[in-house]
Structure formats: structure tokens, C-alpha cells
Amino acid sequence: MRTRSVLTLVAAAAALSLPAVAPASAAGGAVLTTGGTGGTPVAVGDVLSASLKAGTTATLYSSPTGTSGVSCTSSTFTAAVTGNPAAPGTATESVTGHTFDASSCTSNVTGVLGVNSIRIDNLPYSATVTSDGTLTVTPPAGTSIQTTVQLRTLLGSVTCVYKAATLVGKADNADNSISFTNQQFTKSSGSSLCFSTGYFTARYAPVTDAGATVYVN
């Protein structure tokens with residue numbers, strides 16, 4: 001079963017956005033390009049997308065160093081480019097989708113039999129990616145980045161809602177990825193089976209624009 005998500009992890013975004021490490025800031029070039037650093041500028045309105053990097057998982061664990069929580073092997077995000085100025089600079093995006101395939105998700109929380117769904121709420125989110133590769137995802141004014149996780153237990157379904165003010169990730173041109181590491185969510189509602197704090201980690205690669213890999217400059 002596929003559901004919109006975050007995770008944000010967020011999701012997210014999230015989306016969440018684009019790659020860079022030791023970015024190249026060619027004079028007159030755009031922040032986001034295809035074909036390599038300093039390549040063809042990504043057009044405003046283009047939709048970027050990425051799935052989890054092959055062989056990796058997206059996790060929402062109860063502690064930064066623990067392994068208790070939820071893990072998924074299938075997740076995808078999409079984001080529309082809303083601004084792509086000359087580098088060095090800050091590109092902007094609208095994260096329009098972030099999904100997790102619940103059939104790829106498992107949980108090792110005591111009392112939990114499986115994961116029914118993971119949904120990212122309050123989309124679209126805004127995202128910025130700077131020439132140094134820093135990616136920041138923010139929700140609409142007055143809302144939060146919100147992840148709703150529905151777990152399956154012996155006593156029926158349990159819904160856990162987690163919120164975060166922002167997500168901060170990193171873009172890397174080495175594998176055209178964006179990654180989130182231990183981004184903290186706080187439980188806003190749910191039973192005792194829902195841990196009080198969730199830490200989201202995921203790596204999406206490659207980020208593409210109509211099949212062409214995206215670079216940050």
C-alpha cells in the first residue's frame with residue numbers, strides 16, 4: 001500500500017531538493033544544473049525527484065543512536081523548482097510529494113506487528129538549497145512538518161503523529177544525493193506504543209530532472 005509521507009522525512013520533503021559537496025560555483029552558472037557542475041541550468045517549473053539510494057533505508061528511530069522504530073526500503077519525493085539564481089546563491093523549491101511504500105516498512109517496536117501507512121501532512125513544503133549544499137525544508141506558516149504513522153498491533157491500529165519545525169539536510173554531488181541525518185520529530189499524539197521522540201534518517205539518490213542528474217553549484 002502506498003501512502004503520501006517524510007519523513008520528513010520529510011520526508012522529508014521531504015524533498016526534498018538537491019546535491020552538492022565541494023560545489024563548483026562557475027561564474028554566471030546557476031545553483032542547480034544538469035550535465036555536471038556548471039552545466040545546463042535547471043528551469044524554473046521543472047520537477048525534481050528521487051527515491052531512496054539503492055541499498056539504503058529510511059528510518060524513524062526512537063533515539064539518534066538506537067535501532068528501535070520504523071524502517072522502510074521504498075520512499076520517493078518530488079519537488080518543483082521555484083527559483084534557480086546564479087551561483088553562488090540559493091535555489092528555492094516546493095516539495096509537492098513525499099511518499100513511503102508501507103509494504104516496504106517494518107517495525108521492531110515491542111507490541112507492533114507491522115506498519116499500515118506513513119503519511120506526510122501539510123504539503124507542499126518550501127525548500128531552499130544553497131551553493132554549499134545545505135538543504136532546509138519548512139512547512140507553511142502556522143503549521144508543522146508532520147508525519148502520521150499508523151501501526152498494526154494485536155489490539156488493532158495505533159496512530160502516531162510526529163511534528164518538527166524544520167528539516168535540515170545535505171546535498172552531495174558525489175552521488176547526486178540529498179540526505180537527512182537524525183532529524184528530530186516530537187510526538188504530538190498517540191498511544192504508549194508511539195515513542196516520544198523520533199529521529200529521521202534517509203538518503204535519496206540520484207536526484208533527477210526528467211531523468212538528468214542534478215548538481216549543486
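Let's start with strand β11, residues 125-130, in this predicted model. The strand has two faces. Tyr-125, Ala-127 and Val-129 make up the covered one. Ser-126, Thr-128 and Thr-130 make up the face that is uncovered.

Now the neighbours of β11. On one side of the pairing list is strand β8, residues 90-101, joined to β11 by six bridges. These two strands run antiparallel. For a place to look, find Tyr-125 in β11, which has Val-95 opposite. So much for Tyr-125, a residue of the covered face.

The other partner to look at is strand β12, residues 134-138. Here there are four bridges to β11, and again the run is antiparallel. Thr-128, from the uncovered face, stands opposite Thr-136 in β12.

What lies between β11 and β12 in their hairpin? Three residues separate the strands, and in this hairpin Gly-133 has a positive phi, near 90 degrees.

Next, the surface. Leu-113, Leu-154 and Leu-155 form a nonpolar patch of about 430 Å². Leu-113 belongs to strand β10, which covers residues 112-121.

Last, the protein as a whole. How many helices and strands does the protein have? There are zero helices and 19 strands. The chain has 217 residues, and 53% of them count as buried. The exposed surface comes to about 8400 Å², with 54% of that supplied by carbon and sulfur atoms.

To go back to the start: β11 pairs with β8 through six bridges and with β12 through four, and its covered face holds Tyr-125, Ala-127 and Val-129.

Note on methods: Residues numbered from 1 in each chain as written. Predicted model: local features only at pLDDT ≥ 70, side-chain atom pairs only at ≥ 80, totals over all residues. Heavy atoms only, no water. Buried < 20%, exposed > 50% of the residue type's maximum accessible area, 1.4 Å probe, protein only. Areas by Shrake-Rupley, 256 points an atom, 1.4 Å probe, with all protein chains shown as cover. Patch = residues over 30% accessible without salt bridge, like charges linked within 9 Å, V, L, I, M, F, W, Y side chains within 5 Å. Salt bridge = Lys/Arg side-chain N within 4 Å of Asp/Glu carboxyl O. Pairing = 2+ DSSP bridges.
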